[in-house]
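Work through the two exercises below with the structure open. Try each task before you read its solution.

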Amino acid sequence: MSFFSNKSEGVMGIDISSTGIKLVELSRTRTGYQLASMASVALPRDAIVENTIIDSAAVSEALAEAVRLARPSTKNAAMAVAGNAVIIKTISMPMISEFELEAQIEYEADQYVPYDIDDVFLDFHIQGMTADDPDKMDVVLVACKREVVEDYQLVLSDAGLNAKCIDCAVFALENAAEITDEHTAPTGDQYALPDEDAEVNALVNIGANMMNINVLIDGRMAFVRDQFYGGGNLTEEIQKAHNISYQAAEQLKIEQADQIDPDALEMFYVGLTSELVRSLDFYSASRADFPVRKLYLSGGCALLPNIATELEQRLGIDTAVLNPFNHIDIPPRKFDTAQLEQSGPMMMVPVGLALRNFDT
Ligand SMILES: Nc1ncnc2c1ncn2[C@@H]1O[C@H](COP(=O)(O)OP(=O)(O)OP(=O)(O)O)[C@@H](O)[C@H]1O
Ligand SMILES: [Mg+2]
């Protein structure tokens, strides 16, 4: 699902996030995927705030720098939107064809989207039968403010790139999770209903400012949410506890995590846990019969030592960290494999975007 896409030419994935640009290009091998090119370029701290591009020149420059470093084989990008500008809703509708739905979607969306329908890009995806009504189907409706998409398109085109596919971060996360063994893709009949031993996984991507959550029942999206909480909150706690600059706190966190003031870490985990509980409560309000069995972490914050154990103990849910690079062939002559594998969890969203290249 994406707002628009033109798959006639290849695409690379470009994740434009608050701390930086991540570019990933994949190629297909006989058995799976290979990393073709990649780069990460940091952004100045206030270039993107709450998913709004503030300093577009800085973002374009970083994009151009990422392209210079990675030397991808294409200028076409798949990118993602997230946060408040994006509305993702599952609605129940009478069974109609995709063609009929296409004609009706604007009317349907108008009831659920709090913005003027002319001001948003719309997309939809027929997900399957509605759980308690076999005459109806669940349709995932996605809307994103036009101006937000256009801002992203503009910085890409200023860097000489084309936005070929606009995705949502939570869907990119799901796409990337599908290539890891831990998580199964939806199989079989798209109208089948899950039974009581369904696999219920929560994908949780924790970045600097926000976390993207996607709960899947048997590999099918059941709940998504973007929340503003992330590694930046820990950096701020460290800054206060150690009385140092944001920059120094960031460095301490990444390079000497064992030196972090335990109280700062505790404050961060308390906050993170309560944000997660809030989302999981929202989810279970509608799907109490399918409790989350396993949490899969990713994003830069997942690199924090022991985060899986901490969350497992605090939430009482089995937790693991996802690393897409354990499932992608990385040619050692071209890349620093050890370093990439170590930072892999941070690359889930760009990898998921890069996988759009192989959509049929
Ligand atoms: N080794 C590490 N240990 C702990 N935290 C880390 C490590 N490496 C990066 N981080 C933190 O991860 C965060 C960046 O993660 P990520 O790249 O996923 O975020 P982002 O996509 O730029 O941000 P967002 O999506 O929130 O806008 C930062 O807060 C950074 O400090
Ligand atoms: Mg991010």
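A polar contact is a pair of N or O atoms within 3.5 Å. Keep in mind that this model is predicted.

**Exercise 1. Describe how the protein surrounds ligand 1.**

Step 1. Find the closest neighbours. The shell around ligand 1 has 20 residues, and Thr19, Lys22, Asn209, Glu250 and Lys253 come nearest.

Step 2. Look for polar contacts. The side chain of Lys22 has an N or O atom 2.7 Å from an oxygen atom of ligand 1. For the side chain of Glu250, the distance to an oxygen atom of ligand 1 is 2.3 Å. Ala208 uses a backbone N or O atom instead, 3.0 Å from a ligand oxygen atom.

Step 3. Check the cover. On its own, ligand 1 has 650 Å² of accessible area, and the protein covers 93% of that.

Step 4. Sort the shell by class. It holds 7 nonpolar, 10 polar and 3 charged residues.

Step 5. Trace the shell to its elements. Strand E2 (20-28), helix H5 (231-242) and helix H6 (246-255) each give at least two residues. H6 gives the most, with 3 residues.

**Exercise 2. Work out how H5 and H6 are arranged.**

Step 1. Take the angle and the distance between the axes; these describe two packed helices.

Step 2. Read them off. The axes of H5 and H6 cross at roughly 110° and come within 8 Å.

Step 3. Name the arrangement. Angles of 65 to 115 degrees count as roughly perpendicular, so H5 is roughly perpendicular to H6.

Step 4. List the contact residues. H5 brings several, including Leu234, Ile238 and His242. Among those from H6 are Tyr246, Glu250 and Lys253.

Step 5. Sort them. The contact has 5 nonpolar, 5 polar and 3 charged residues.

Methods
Residues numbered from 1 in each chain as written. Chains lettered and ligands numbered in written order. Predicted model: local features only at pLDDT ≥ 70, side-chain atom pairs only at ≥ 80, totals over all residues. Heavy atoms only, no water. Near = heavy atom within 4 Å. Polar contact = N/O pair within 3.5 Å; in protein donor to acceptor, adjacent residues only side chain to side chain. Areas by Shrake-Rupley, 256 points an atom, 1.4 Å probe, with all protein chains shown as cover. Helix = DSSP H or I, 4+ residues; strand = E, 2+ residues; numbered from the N terminus. Nonpolar A, V, L, I, M, F, W, Y, C, P; charged D, E, K, R; others polar. Axes fitted to C-alpha atoms, helices over the stretch in contact; angles between N-to-C directions. Parallel < 35°, antiparallel > 145°, perpendicular 65-115°, else oblique. Contact = heavy atoms within 4.5 Å.
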